[in-house]
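User: Please take a close look at one part of this model and explain it to me step by step. I would like to see how that part fits with the rest of the chain.

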Amino acid sequence: MTDSSEPDFWSFIETANTTLARDYGFEHQLATEVLLTLNRASNIVTYDLESTVHRPRGWSWSSFRLMFVTWLAGPIEPKRAAELTGMSRAAVSNLSKTLIAGGLLASTPDEKDGRSVRLALTTQGHDEMVATFAEQNERENAWASALTEPEQRILVMLLTKLITHRSQFDVRGRN
């Protein structure tokens, strides 16, 4: 049981918005609330998927993302894998080494550019990815079922709009 004098997430946002406006004159409380809530939702869902689906298999969330992209877009250059996963090239390189050592990924020279490589799932990696995604997809459905199908589509539309709007100002990020 939590101490009632301690704020929960939602009362913290309310307090933060009041304090930011009243004491500091910040005007965009709704923007703060939107992004705090978006970040919180993302963290909660990611942690849940990682702890229930991926960690029991010895994977991290990042490992899953690289395996997922390689599964569906591979064979793939590490640079492109980094773009699609939202990870740095260094992170893809480090994860690739671990996944290759574990027999899940293979790295082969690129036929068109001998200086580059292509990542692909091994047979074991493919089989594990199919089984892992089957479990994850059920968990995704459990999360998404809190919303009706139209609400899910609206949420995707709104998040897509938020992401594509970033070209309107100087956003820093990997991609």
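Analyst: The part to begin with is F133, which sits in helix α6, a helix that covers residues 123-144. This is a predicted model, and every value below is computed from it.

Start with the contacts of F133. Setting aside the neighbours within four places in sequence, F133 is in contact with F64, F68, W71 and E140. Helix α3 runs over residues 61-73, and F64, F68 and W71 are among the contacts of F133. A different picture comes from A120, which is 13 residues from F133 along the chain: the C-alpha atoms of F133 and A120 are separated by 17 Å.

Next to F133 in number is T132, also placed in helix α6. Is T132 buried or exposed? T132 counts as buried, because its relative accessibility is 0%, and the cut-off for buried is under 20% relative accessible area. Without counting residues up to four places away in sequence, T132 touches V53, H54, R57, W59 and F64. F64 therefore appears in two lists, as a contact of F133 and as a residue touched by the buried T132.

Now move to helix α3 itself, residues 61-73, where T70 has its place. T70 is buried, since its relative accessible area is 2%. A polar atom of the T70 side chain lies 2.8 Å from the backbone oxygen of L66. Beyond residues up to four places away in sequence, T70 touches I76, L105, L119, A120 and L121. A120 is thus touched by T70, while the C-alpha atom of A120 is 17 Å from that of F133.

After helix α3 comes a loop leading to α4 (78-85), and P75 is found in that loop. The peptide bond from G74 to P75 is cis, with omega near -5 degrees. Most peptide bonds are trans.

Helix α2 comes next, and it spans residues 29-54. E50 lies in helix α2. At 18% relative accessibility, E50 counts as buried, because the cut-off is under 20%. Leaving aside the neighbours within four places in sequence, the contacts of E50 are R55, P56, S60 and W61. Where is E50 relative to A73, 23 residues away along the chain? The C-alpha atoms of E50 and A73 are separated by 22 Å.

R40 also has its place in helix α2. R40 is partly exposed, because its relative accessible area is 39%. R40 and F9 are 31 residues apart along the chain, and their C-alpha atoms are separated by 9.0 Å.

Finally, here is the setting for these residues. The chain has seven helices and two strands, and in sequence order they follow the pattern α-α-α-α-α-β-β-α-α. Of the 175 residues in the chain, 21% are buried; T132 is one of the buried residues, and T70 is another. Among the contacts with a separation of 6 or more, 51% are between residues 24 or more positions apart.

As for overall dimensions, the C-alpha atoms fill a box of roughly 60 × 40 × 35 Å along the principal axes. The chain has a radius of gyration of 20 Å, whereas a compact globule of 175 residues would have one near 16 Å. The chain exposes about 12,200 Å², and carbon and sulfur atoms supply 57% of that area. There are 18 positive and 22 negative charges, and the mean positions of the two groups are 9 Å apart.

Definitions and conventions. Residues numbered from 1 in each chain as written. Predicted model: local features only at pLDDT ≥ 70, side-chain atom pairs only at ≥ 80, totals over all residues. Heavy atoms only, no water. Helix = DSSP H or I, 4+ residues; strand = E, 2+ residues; numbered from the N terminus. Rg over C-alpha atoms; globule rule 2.2 N^0.38 Å. Buried < 20%, exposed > 50% of the residue type's maximum accessible area, 1.4 Å probe, protein only. Contact = heavy atoms within 4.5 Å. Areas by Shrake-Rupley, 256 points an atom, 1.4 Å probe, with all protein chains shown as cover. Lys, Arg positive; Asp, Glu negative; His and termini not counted. Charge placed at Lys NZ, Arg CZ, Asp CG, Glu CD. Polar contact = N/O pair within 3.5 Å; in protein donor to acceptor, adjacent residues only side chain to side chain.
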